[in-house]
Amino acid sequence: MRAQLLSILVPPACAVCRLPLRDPGAVACIGCLRRLPWLRGHRCARCALPRHRAGCPAARAAFDRAWSPLAYEGAARDLVAALKFRAALPVAGLMAAHIAANLPLDLRAGAAAPVALVPVPAHRVRRRRRGFDPAARLAAALAGRTGLPLAPCLRRVDRGRRQVGAGRALRRSAGRFEAALVAAAPPAVLLVDDVHTTGATLDASARALKAGGAGAVAAVTYARTL
């Protein structure tokens with residue numbers, strides 16, 4: 001009853017198009033959900049791209065595999081922006097549902113050891129400014145959907161320069177993103193983030209995990225930049 005009254009006083013809006021929602025428990029409208037750019041068909045297991053221009057960009061990355069259910073465009077891009085820049089926290093649950101419903105069984109189960117979810121760490125200054133960590137929210141929601149344990153064992157130790165808007169070369173420059181362990185690394189890891197762009201943050205996080213004893217690291221993100 002409280003939810004219905006609140007929906008009358010403050011009508012819920014779609015996180016993508018901002019139009020009013022009929023269902024007060026929904027996060028996005030049916031029309032926007034239908035426009036999500038799902039990635040289907042063959043994709044490179046190393047970098048999650050459907051095709052390469054000049055060799056796999058993740059050929060030398062520390063993570064062993066990468067996977068995303070959606071392309072980082074259209075409604076998927078808007079959902080990520082709603083979570084990261086408008087603090088629309090329920091969006092993390094919707095994103096986790098999309099990942100969990102499509103996550104390959106071999107990634108969920110792990111080949112040789114139980115799998116744990118490790119979020120890519122946000123810098124403490126940005127986390128304090130936002131009041132939350134988007135990757136941590138997504139990983140926690142994914143843990144609830146999959147039953148996989150959550151192991152937030154990384155922290156960011158660089159100066160915290162923003163990755164948004166930075167080009168490929170700048171993102172991959174030395175010291176741009178550095179992570180360190182604050183707890184033991186799980187033997188098998190699903191490294192969770194919202195977007196896989198150049199793979200620089202995923203690579204740096206995977207290197208820290210493997211240096212700490214992780215045997216297998218797969219990068220799982222909500223969306224992949226094509």
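1. Let me start with the cysteines of this predicted model. The sulfur of Cys44 has its closest cysteine sulfur in Cys47, at 3.8 Å, and that is too far for a bond, because a disulfide needs the two sulfur atoms within 2.5 Å. Cys44 is also a buried residue, with 14% relative accessible area.

2. The rest of the structure agrees on this point: zero disulfides are present. Cys29 is in no disulfide either, and the nearest cysteine sulfur, that of Cys32, lies 3.5 Å away. With a relative accessibility of 19%, Cys29 counts as buried, because the limit for that label is under 20%.

3. Ala66 is a good place to look next. This residue sits in strand β1, residues 65-67, and is buried, with a relative accessible area of 4%. Leaving out residues up to four places away in sequence, Ala66 touches Cys44, Ala45, Arg46, Cys47 and Ala48, as well as His196 and Ala219. Cys44 and Cys47 from the opening point are thus among the contacts of Ala66. For Ala48, the C-alpha to C-alpha distance to Ala66 is 5.3 Å, although the two are 18 residues apart in sequence.

4. Now the overall picture. The protein chain has nine helices and seven strands, and 49% of its 226 residues count as buried. Among contacts with a separation of 6 or more, 73% join residues that are 24 or more positions apart.

5. Which residues have the most contacts inside the largest nonpolar core? They are Leu79, Val91, Leu190 and Tyr222, in a core of 44 residues. Two or more residues come from each of α3 (74-86), α4 (90-102), β3 (115-119), α7 (134-146), β6 (188-196) and β7 (216-224). The element that gives the most is α4, with seven residues. There is also a second, separate core of 28 residues, which includes Ala58, Cys153, Ala204 and Val217. As general background, nonpolar side chains in soluble globular proteins tend to be buried together.

6. Tyr222 deserves a closer look. Not counting residues up to four places away in sequence, Tyr222 touches Leu36, Ser68, Pro69, Leu70, Ala76, Leu79, Val80, Met95, His98, Ile99, Asp193 and Asp194. Leu79, named above for its contacts inside the core, is one of these partners.

7. How do α3 and α4 pack? Their axes are 8 Å apart, at an angle of about 140°, so α3 is oblique to α4. It is worth checking the cut-off here, because roughly antiparallel applies to angles over 145 degrees. The crossing of the two helices is left-handed. On the α3 side, the contact is made by Leu79, Val80, Ala82 and Leu83, and on the α4 side by Val91, Ala92, Leu94 and Met95.

8. The pair α4 and α7 also has axes 8 Å apart, with an angle of about 50°, and therefore α4 is oblique to α7. The crossing of α4 past α7 is right-handed. From α4, the residues that meet α7 are Ala92, Gly93, Met95, Ala96, Ala97, Ile99 and Ala100. Their partners in α7 are Arg137, Leu138, Ala141, Leu142, Arg145 and Thr146. If you are tracing α4 on screen, Ala92 and Met95 are good places to pause: they take part in the contact with α3 and also meet α7.

How values were computed. Residues are numbered from 1 along each chain as its sequence is written. This is a predicted model: local features need pLDDT of at least 70, side-chain atom pairs count only at pLDDT 80 or more; totals for chains, interfaces and linings use all residues. Side-chain values use heavy atoms; hydrogens and water are left out. Buried means under 20% relative accessible area, exposed over 50%, partly exposed in between (1.4 Å probe, protein chains only). A nonpolar core is a set of buried Ala, Val, Leu, Ile, Met, Phe, Trp, Tyr and Cys residues joined through side-chain atoms within 4.5 Å. Contact means heavy atoms within 4.5 Å. Axes are lines fitted to C-alpha atoms, for helices over the stretch in contact, and angles run from 0 to 180 degrees between N-to-C directions. Angles under 35 degrees count as roughly parallel, over 145 as roughly antiparallel, 65 to 115 as roughly perpendicular and the rest as oblique. A crossing is left-handed if the near helix is turned anticlockwise from the far one by less than a right angle, and right-handed if clockwise.
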